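Colleague: I've got this model open and I'd like a close look at one part of it, with the rest of the chain filled in around that. Could you walk me through it in plain terms?

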Amino acid sequence: MDLHEFRKNAHQLVDRMADYLSEIESYPVKSKVSPGEILAGLPSLPPASAEPFQNIMHDFEKIIMPGITHWQHPSWHGYFTANNSFPSILAEMLTATLGAQCMSWMTSPAATELEQRMMEWLQNMYGLPDLFSGVIQDTASTATLCAMLSAREKYSDFKVNHSGLYHEKIFTVYCSAEAHSSVEKAVKIAGFGSQNLRKIAVNGNFAMIPEELERTIREDIRSGYVPLLVVAAFGTTGSTAIDPLEKITEIATRFKIWVHVDAAWAGTALILPENQHYSARMADVDSIVINPHKWMFTNFDCSAYFVKDREALIRTFEILPEYLKTPVDQRVNNYRDWGIQLGRRFRALKLWFVIRTFGVEGLRKKINDHITWAKELANEIEQHPGFELLAPADFAVVCFRYHPDSLDNEQELNRLNAALLEKINQTGKMFLSHTSLAGKYTLRFVVGQTNTEQKHVKQAWELIQQLTDDRL
Ligand code: PLP
């Protein structure tokens, strides 16, 4: 492909992209293909000779598109959203075009300094105390791992990096029983062992019971373990429960334990002034992760990691072979030392485009709408005699189940709701996912896609009710 063809194809592609986004509601939200179907359409060997772009696009439409589940569909209500927006997509096009490798200031001064400024903007938008340094990580999973590794190094006086874990006592990590699986994954990768992760019991609202945390920590100390880090959830994956941050921080401070806040989803709601009392309470924590790639209209991946002890972070990851040394190293941020990867994408650009295009007020309006519509739905569910609300719906996620009056058998209710979920998703008109709350099969309805309107939420609720009229 030469420059002339690139220009021509790119123009056509942008038209295709705009057509896709304008027609997205005509696609079934969840792909209808079966496992192996896409693979069967792909040749087992690569082409020996060059193929024209038209042929590749033809196969994209024929083979790939049927296997796409449409996350940007306004009736996407599953998992958490991974929403995008026009400015974010345009920034990603520029990022791909520049192809810059942003490992150090010198390899991309603009990327480094824009990242620094964007993290300051986010800190301000979230109303966080001005105590943190920020860096963009690929995902919350990586950010949580970085917190664990930094805590490990800080408390071992950077000895584990040098000698391994062999001479250390056993570190223990704490999170609630509702914490995201990335915590357990990080515990394994950090070398602590999943048996040394303590999953603390939760209360009726699925938030950590701090008395249980303290009791477990004391027990661990008595048994010779070294409590290292507690992950407090600001918005659990199951039901957006908020762990009691002040109590957790107070306990952790007494025992000199690192507090990491996992606010991957609900953290975006901190841009609303009425939620910023939570941000003020984060003054005493050690690190926080919030994912603009979930709820802030910014293409996956983009995860904002804030850390108080920036030196501990850098000392954990810093490595300086001769070929990476530059004359300005003492005066700049070299973000390769702020995390695991050496090579880094230019992720700050899409944040800059998104924040400027929406403006903080525009972002607040959308997040506020999502929360309001989810609360309206929760209210409808609560009023309906055949449905049951299973958790508070404070952060745009509604947890509920179908519960006909006549039925009290929990096993049968679980089966019924699993069948209902399958039926909802089979329609292709909307997409929901599920979790288990207190042993109950729970349908999760997330309101967070960029183009979701109130009418989509209402239509979805109508559809759910209709589907329960038939046999399940
Ligand atoms: N933390 C919470 C609360 C989540 O819900 C998720 C994913 O949904 C994660 C962490 C992991 O996010 P990521 O995909 O950015 O690693």
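Modeller: Start with Met125 and what it touches: leaving aside neighbours within four places in sequence, Met125 is in contact with Leu270, Ile271, Gln276, Met296, Ile355, Val360 and Leu363. Keep in mind that this is a predicted model. Met125 lies in helix α5, which covers residues 109–125. Is Met125 buried or exposed? Its relative accessibility is 4%, and buried means under 20%, so Met125 counts as buried. There's a long-range pairing to look at as well: Met125 and Val354 are 229 residues apart in sequence, yet their C-alpha atoms are 13 Å apart in space.

Now put that spot into the domain layout. The chain is divided into domain 1, made of 1–30, 69–84 and 360–472, and domain 2, which runs 100–345. Helix α5 (109–125) ends up inside the range of domain 2. Among the contacts of Met125 are Val360 and Leu363, and both of those numbers fall in the 360–472 piece of domain 1. Ile355 is another contact of Met125. Taken over C-alpha atoms, the centres of domain 1 and domain 2 are separated by 29 Å. Across the boundary, 29 residues of domain 1 are in contact with 30 residues of domain 2.

Staying in domain 2, have a look at Ala147, which is found in helix α6 (residues 140–155). Ala147 has a relative accessible area of 0%, so it's buried. Beyond its neighbours within four places in sequence, Ala147 is in contact with Leu229, Trp258, His260, Ser287 and Tyr305. Val261 is worth clicking on too: Ala147 and Val261 are 114 residues apart in sequence, with 9.7 Å between their C-alpha atoms.

Two loops in this part of the chain have backbone details to check on your screen. One sits between β5 (226–233) and α10 (245–254), and Thr240 is found there. Thr240 has phi near 55°, a positive value in a residue other than glycine. Thr240 counts as buried, because its relative accessibility is 4%. The other loop, between α12 (292–295) and β8 (303–307), holds Asp301. The peptide bond leading from Phe300 to Asp301 is cis, with omega near 5°.

Over in domain 1, go to Ala393, in the loop between β9 (387–389) and β10 (397–402). Ala393 is buried, with a relative accessible area of 6%. Setting aside neighbours within four places in sequence, Ala393 is in contact with Lys375, Ala378 and Val398. Ile371 is 22 residues away from Ala393 in sequence, and the C-alpha atoms of the two are 8.3 Å apart. Further along, Ala438 lies in the loop between β11 (431–437) and β12 (440–446). Ala438 has a positive phi, near 50°, in a residue other than glycine. Where Thr240 is buried, Ala438 is exposed, with a relative accessible area of 62%.

Zooming out, here's the whole chain. The protein chain has 16 helices and twelve strands. For 472 residues, a compact globule would have a radius of gyration near 23 Å, and the chain has 24 Å, so the two agree. Along its principal axes, the C-alpha trace spans about 70 × 60 × 45 Å. Buried residues make up 51% of the 472, and Met125, Ala147, Thr240 and Ala393 are among them.

The pairings you've been clicking through have a chain-wide counterpart. Taking contacts between residues at least 6 apart in sequence, 73% join residues at least 24 apart. As for the outside, the chain exposes about 22300 Å², and carbon and sulfur atoms supply 53% of that area. On charge, there are 47 positive and 56 negative side chains, and the centres of those two sets lie 3 Å apart.

Note on methods: Residues are numbered from 1 along each chain as its sequence is written. This is a predicted model: local features need pLDDT of at least 70, side-chain atom pairs count only at pLDDT 80 or more; totals for chains, interfaces and linings use all residues. Side-chain values use heavy atoms; hydrogens and water are left out. Helices (H or I, at least four residues) and strands (E, at least two) are DSSP runs, numbered from the N terminus. The radius of gyration is taken over C-alpha atoms; the globule rule is 2.2 Å times the number of residues to the power 0.38. Buried means under 20% relative accessible area, exposed over 50%, partly exposed in between (1.4 Å probe, protein chains only). Contact means heavy atoms within 4.5 Å. Accessible areas come from the Shrake-Rupley method with a 1.4 Å probe; for residues, only the protein chains shown count as cover. Lys and Arg count as positive and Asp and Glu as negative; His and the chain ends are not counted. The place of a charge is taken as NZ of Lys, CZ of Arg, CG of Asp or CD of Glu. Domain bounds come from an automatic or database domain assignment.
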